[in-house]
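Colleague: I should like to go through this model with you, beginning with the backbone and then turning to how the side chains pack. May we look at the sequence and structure together before the questions begin?

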Amino acid sequence: KGYRMGKILVGWGFSAGLMFALLYLLFQAPLLSLFTDSAAVVGATGAIFLLVALFQPVNGIVFVLDGFLIGASDTRYLMWVMVIGALAIFVPISWLSLQFHWGLPGLWSGLTLFMAWRLATNTRRFFGRLWFLSFRERS
């Protein structure tokens, strides 16, 4: 029952992410104008904005699975996955971004790879049904 509901939620998370991606892409100029009227700033956000928009379906799935796994009392697993991903992916890429002057594209690349890590680990945990063992032990 829980697994079936989780699959439905993953589909909804993906769909919501896809909807947000399309909205971001369709309304990029008006959205950016809410924050700045500088043509230089708007021009510098092009690649970053595209990256943020295209990763929304991934984010939707990751956040749904975070909530699902938290509900299944699988928080220890989530904690370790986050710690490993942050220390092995996001922090090193952020440091490299600072050292090599990659700026915001470097930081957003690190965050994007971190989210890809979370997608891979959370989907493996969910579809492998390993969360159920943790849930059963705590019930």
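**Backbone and packing**

Colleague: H101 is found in the loop between α6 (75–99) and α7, helices being DSSP runs of H or I with at least four residues, numbered from the N terminus. What phi does H101 have?

Modeller: This is a predicted model, in which local features need pLDDT of at least 70, side-chain atom pairs count only at pLDDT 80 or more, and totals for chains, interfaces and linings use all residues. Residues are numbered from 1 along each chain as its sequence is written, and side-chain values use heavy atoms, without hydrogens and water. Most residues other than glycine have a negative phi. H101 is not a glycine, yet its phi is positive, at about 60°.

Colleague: Is H101 buried or exposed?

Modeller: Buried stands for under 20% relative accessible area, exposed for over 50%, and partly exposed for values in between (1.4 Å probe, protein chains only). The relative accessible area of H101 is 71%, so this residue is exposed.

Colleague: Where is R129, the other residue I noted with a positive phi of about 60°, placed?

Modeller: R129 is not a glycine either, and it is partly exposed, with a relative accessible area of 45%. Its place is in the loop between α7 and α8 (130–138).

Colleague: Which element gives the most to the largest nonpolar core?

Modeller: A nonpolar core joins buried Ala, Val, Leu, Ile, Met, Phe, Trp, Tyr and Cys residues through side-chain atoms within 4.5 Å. The largest has 12 residues: Y3, V10, I61, L65, F68, L69, A72, Y77, L78, V81, F126 and W131. Two or more of these residues come from each of α1 (2–26), α5 (56–71) and α6. With 4 residues, the greatest contributor is α5.

Colleague: Which residues is L65 in contact with, beyond its neighbours in sequence?

Modeller: L65 belongs to that core, and contact means heavy atoms within 4.5 Å. Leaving aside neighbours within four places in sequence, its contacts are V10, N122, T123 and F126.

Colleague: Within what arc do the buried residues of α4 fall?

Modeller: Those buried residues are I48, F49, V52 and A53. Seen down the axis of α4, they line one face of the helix, because the directions from the axis to their C-beta atoms fall within an arc of 130°.

Colleague: Which exposed residues does the face of α4 turned away from its buried side carry?

Modeller: The buried residues of α4 are covered by elements including α1, α2, α3 (39–44), α5 and α7. On the face turned away from that buried side, the exposed residues are A47 and L54.
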